[in-house]
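These are my notebook entries on a single chain. I set down what I looked up, entry by entry.

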Amino acid sequence: MISPIIKIDDKHLPLYRIVWVSDVPHFCGEPDCMHEGDYEVRLDVDDSLWTNGQGRNEVLKSLARWCGDLKPEDDDNETDNESDKDDWL
Ligand SMILES: [Zn+2]
């Protein structure tokens, strides 16, 4: 089985290292912040990668594709009232 690898910034990363992907650009107000306006991709270690909006969408698409390859659990009975969130698929 091939590990799904994506590239974030200049780093190739297996998708299973990702814990979450930010929905909004980072803002913390720190004057020396290097990641203002970037999207945070949280890793399973105490670390994050940072990417722009397009990169973030690529990550989300890759994650969705990857998760879609797994056997879906049968707890998907909730009504899908968040269809506007599917437009990046
Ligand atoms: Zn910051």
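Entry 1, the hairpin. I looked first at the hairpin of S1 and S2 in this predicted model. Two residues lie between its strands, and aspartate 9 takes a positive phi near 60°. I then checked the pairing: S1 (residues 5-8) and S2 (residues 11-14) run antiparallel and are joined by four bridges. Isoleucine 8 has lysine 11 of S2 opposite.

Entry 2, the core. I asked which residues make up the largest nonpolar core. I found six: Ile8, Ile18, Tyr39, Val41, Leu49 and Val59. Isoleucine 8 thus appears both in this core and opposite lysine 11. For the chain as a whole, I noted that buried residues make up 10% of the 89 residues.

Entry 3, tyrosine 39. I listed the contacts of this core member, leaving out residues up to four places away in sequence. Tyrosine 39 touches Val21, Ser22, Pro25, His26, Thr51, Asn52, Gly53 and Arg56.

Entry 4, cysteine 67. Is cysteine 67 buried or exposed? Cysteine 67 is exposed, because 11 other C-beta atoms lie within 10 Å and the limit for exposed is 12 or fewer. I located cysteine 67 in helix H1 (residues 53-69). Its C-alpha atom is separated by 9.5 Å from that of leucine 15, and the two residues are 52 residues apart along the chain.

Entry 5, the whole chain. I recorded one helix and five strands, in the pattern β-β-β-β-β-α along the sequence. Of the contacts with a separation of 6 or more, 44% are between residues 24 or more positions apart.

Terms used
Residues are numbered from 1 along each chain as its sequence is written. This is a predicted model: local features need pLDDT of at least 70, side-chain atom pairs count only at pLDDT 80 or more; totals for chains, interfaces and linings use all residues. Two strands pair if DSSP finds at least two bridges between them. A nonpolar core is a set of buried Ala, Val, Leu, Ile, Met, Phe, Trp, Tyr and Cys residues joined through C-beta atoms within 7 Å. A residue is buried if 20 or more other C-beta atoms lie within 10 Å of its own, exposed if 12 or fewer, and partly exposed in between; C-beta atoms are placed from the backbone. Two residues are in contact if their C-beta atoms, placed from the backbone, lie within 7 Å.
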